[in-house]
Amino acid sequence: MTSGNTLFYPAAIWIDNVQLTDQGRAPVVRSRDERSISSELASGKRKRYVKAVKHTYSMSWDYLADDATCSIDGYASRKEMVALFGDSSDSHTLRFFYQNGKYEEVTVFVNSYSESLIKRDPKSGVFIWQVSVEFEES
């Protein structure tokens, strides 16, 4: 899903090769999730065995239009997000683009998804949402 708009940068976040709108997006929060087991030895010392270190990526959008045609950049909005990962239990490819054209790609699944209807405009028929999603590295 690409837009006819010609902004200088592509969308900062893509999921499964679909660009997510930057309109109303709060900064992405990346958190470390360490999978480890702690045990206490007979000597009283504690040891920790780290199985894996995974990351979670939390993001949210305020005042997000219902449809991509209503966003300033024309990229995926609330309807497209619901279709892509709102009710999905599949794994997805999450890609973060940086200013220099490089990107980071992570395989993730949806840990949580929530949305709240903020406003309805009866004249235009546009619905405005608050959307939050958390992805967990697989």
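## Structural report on a predicted model

The protein has 1 helix and 7 strands. The model described here is predicted. Read from the N terminus, its elements follow the order β-β-β-β-α-β-β-β.

**Overall form**

For a compact globule of 138 residues, a radius of gyration near 14 Å would be expected, but the protein has 19 Å. The C-alpha trace spans about 75 × 35 × 25 Å along the principal axes of the protein. Of the 138 residues, 32% count as buried. The accessible surface amounts to about 8500 Å², and carbon and sulfur atoms account for 49% of that surface.

When contacts between residues at least 6 apart in sequence are considered, 57% join residues at least 24 apart. As to charge, the protein carries 17 positive and 19 negative side chains. The centres of these two sets are 8 Å apart.

**His 55 in strand β4**

His 55 belongs to strand β4, which comprises residues 46-65. Is His 55 buried or exposed? Its relative accessibility is 17%, and because buried means under 20%, His 55 counts as buried. The side chain of His 55 forms a polar contact of 3.1 Å with the side chain of Arg 30. Apart from neighbours within four places in sequence, the residues in contact with His 55 are Arg 30, Ser 31, Arg 32, Phe 135, Glu 136 and Glu 137. Arg 30 therefore appears both in this list of contacts and as the polar partner of the His 55 side chain, a polar contact being a pair of N or O atoms within 3.5 Å.

**Ser 124 in the loop between β6 and β7**

Ser 124 lies in the loop that connects β6 (103-121) with β7 (126-137). With a relative accessibility of 47%, Ser 124 counts as partly exposed, because that class falls between the limits of 20% and 50%. The side chain of Ser 124 is joined to the side chain of Asp 121 by a polar contact of 2.9 Å. A polar atom of the Ser 124 side chain also lies 3.3 Å from the backbone nitrogen of Val 126.

**Polar pairs of the two residues**

The distances described above are collected here.

| Side chain | Partner | Distance |
|---|---|---|
| His 55 | Arg 30, side chain | 3.1 Å |
| Ser 124 | Asp 121, side chain | 2.9 Å |
| Ser 124 | Val 126, backbone nitrogen | 3.3 Å |

In summary, His 55 is a buried residue of strand β4, whereas Ser 124 is a partly exposed residue of the loop between β6 and β7.

How values were computed
Residues are numbered from 1 along each chain as its sequence is written. This is a predicted model: local features need pLDDT of at least 70, side-chain atom pairs count only at pLDDT 80 or more; totals for chains, interfaces and linings use all residues. Side-chain values use heavy atoms; hydrogens and water are left out. Helices (H or I, at least four residues) and strands (E, at least two) are DSSP runs, numbered from the N terminus. Buried means under 20% relative accessible area, exposed over 50%, partly exposed in between (1.4 Å probe, protein chains only). A polar contact is a pair of N or O atoms within 3.5 Å; within protein, one must be able to donate a hydrogen and the other to accept it, and residues adjacent in sequence count only if both atoms are side-chain atoms. The radius of gyration is taken over C-alpha atoms; the globule rule is 2.2 Å times the number of residues to the power 0.38. Contact means heavy atoms within 4.5 Å. Accessible areas come from the Shrake-Rupley method with a 1.4 Å probe; for residues, only the protein chains shown count as cover. Lys and Arg count as positive and Asp and Glu as negative; His and the chain ends are not counted. The place of a charge is taken as NZ of Lys, CZ of Arg, CG of Asp or CD of Glu.
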